[in-house]
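User: Hi! I have a model open and would love to talk through a few of its helices with you.

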Amino acid sequence: MAAAENGPQNKHKLQRRTTKCSVFNSQETLTTSQPVIFNPDFFVERLRHEHPQIFADLLLSNISRLIDLPGDEFAQLTGEAEPRVPSSSGFLRSFNFLKRKDKGVVFGAPLTEEGIAQIYQLIEYLSKNVHVEGLFRVPGNSLRQAALREMLNAGTEIDLETGDFHPNDAATLLKTYLGELPEPLLTHRHYHAHLKIGELTLFDEKGDKTNLPDKERQVEAFQLLFLILPSANRSLLKLLLDLLYHTARNQQINKMSAINLATMFAPHIIWPKNVTAGDLQGNIEKLNKGIAFLIRHSQKLFKAPVYVKEYARLYFTGSKSLQSKDDSTLFSVTQVGQITTGEAAPSSPIFRPVANTVGSPCASRSCETQSYTESALKELYQQVSNMPESAKKKKLIRQFEKQPLLTPSSESKAPFKCVCTTYLQNLHVSQV
């Protein structure tokens with residue numbers, strides 16, 4: 001236990017917790033020579049911990065904007081329904097579960113920060129040996145792996161630089177660890193979402209789908225999806241994808257491209273437990289390509305989308321005056337309640353956060369902002385009214401009917417781009 005607490009991963013986490021973050025009030029004078037040091041994800045993490053339901057609603061509403069998940073698959077993603085994924089017989093699942101009871105505190109155990117601290121020793125060692133040809137493909141020595149596994153299970157701090165172990169031993173053992181987790185690292189709940197994200201393609205001038213992947217929307221969808229992963233899963237996934245990214249960058253030496261690595265790791269991190277290739281019914285290629293995409297774009301996937309950072313910041317500050325250095329090239333603020341894209345703005349939709357509700361830290365707003373909020377709500381109501389008949393539409397309409405003052409008159413029919421939202425107390429609105 002002491003070794004886990006003092007492990008490199010925990011030290012890294014402690015260093016991240018001490019990240020310097022300073023904010024300033026809009027009424028304070030800020031000179032150009034006075035730098036603003038600001039963690040752009042500070043308010044995102046604060047919203048996650050202090051208001052988890054609002055945080056989840058914000059992310060899920062935007063995920064549903066990007067990918068079309070049927071009702072039962074969306075319910076699985078939200079946790080309202082049990083995951084339904086391809087599987088073999090129930091006997092096999094039960095048998096494997098009983099076998100896991102006898103396993104150690106790391107291998108075969110549920111994912112924990114202590115377990116990650118132990119496994120980080122393998123990742124750190126492998127990161128220094130990404131040049132090894134066939135890394136993750138060539139198996140290691142079974143006897144050395146057994147000894148290394150026993151030490152990791154015992155919580156031992158291991159010096160892997162002594163030469164007692166080969167990088168192939170650590171690589172094989174890392175795959176074994178991931179394969180023995182009770183649930184895939186990317187979780188059963190997210191399985192269908194990963195398949196749908198892989199289907200996102202560009203549209204032609206006529207508005208018809210093409211066969212070209214829409215990489216920007218895929219990156220955005222994965223950013224949102226990873227934000228709702230359990231924190232331990234997200235931590236280990238980032239460490240793993242960083243390792244695989246740098247391994248793939250050395251493919252001229254190690255002969256391991258992103259797709260080769262994806263083929264090695266997809267069964268361990270995204271395949272549902274206790275399945276065979278036949279159980280996946282032709283989805284193997286999609287899953288392999290999806291993991292290869294994660295490896296190639298891993299350096300972008302663990303950042304919150306700009307509009308999520310902006311929403312979280314406004315939720316707590318209620319002010320446009322605080323602008324992170326990260327966002328300064330993406331947005332130029334023109335007036336309260338309005339954001340326009342700058343020259344470097346991405347081509348994907350820009351979200352415009354709207355005033356918070358009664359009881360939030362930003363309840364006291366100007367008349368101008370209140371007017372803007374009401375206008376946005378009218379636009380939202382119009383959009384909902386134009387939706388095809390469905391249970392989701394009826395639910396949204398009922399929410400508006402509970403707030404009659406928010407239901408606009410029939411004369412409000414102005415067209416608009418798009419508004420994504422949740423409802424008051426749930427009605428923190430993000431508008432495209």
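User: Which residues does Gln121 touch, not counting residues up to four places away in sequence?
Analyst: Happy to help! A note beforehand: this is a predicted model, where local features need pLDDT of at least 70, side-chain atom pairs count only at pLDDT 80 or more, and totals for chains, interfaces and linings use all residues. Residues are numbered from 1 along each chain as its sequence is written, and side-chain values use heavy atoms, leaving out hydrogens and water. Taking contact as heavy atoms within 4.5 Å, Gln121 touches Leu152, Thr156, Glu157, Ile158 and Leu160.

User: Is Gln121 buried or exposed?
Analyst: Gln121 sits in helix α7, residues 113-127 (helices are DSSP runs of H or I, at least four residues, numbered from the N terminus). Buried means under 20% relative accessible area, exposed over 50%, partly exposed in between (1.4 Å probe, protein chains only). With a relative accessible area of 8%, Gln121 is buried.

User: Why do the buried residues of α3 line one face of the helix?
Analyst: In α3 (residues 42-50), the buried residues are Phe43, Val44, Leu47 and Arg48. The arc is taken from the directions from the helix axis to the C-beta atoms. Seen down the axis of α3, the buried residues line one face because they fall within an arc of 145 degrees.

User: How many of the 15 residues of α4 are buried?
Analyst: Helix α4 (52-66) is among the elements covering the buried residues of α3. Its own buried residues include Ile54, Phe55 and Leu66. Helix α4 is largely enclosed by the rest of the structure, because its buried residues number 11 of the 15.

Technical notes:
Helices (H or I, at least four residues) and strands (E, at least two) are DSSP runs, numbered from the N terminus.
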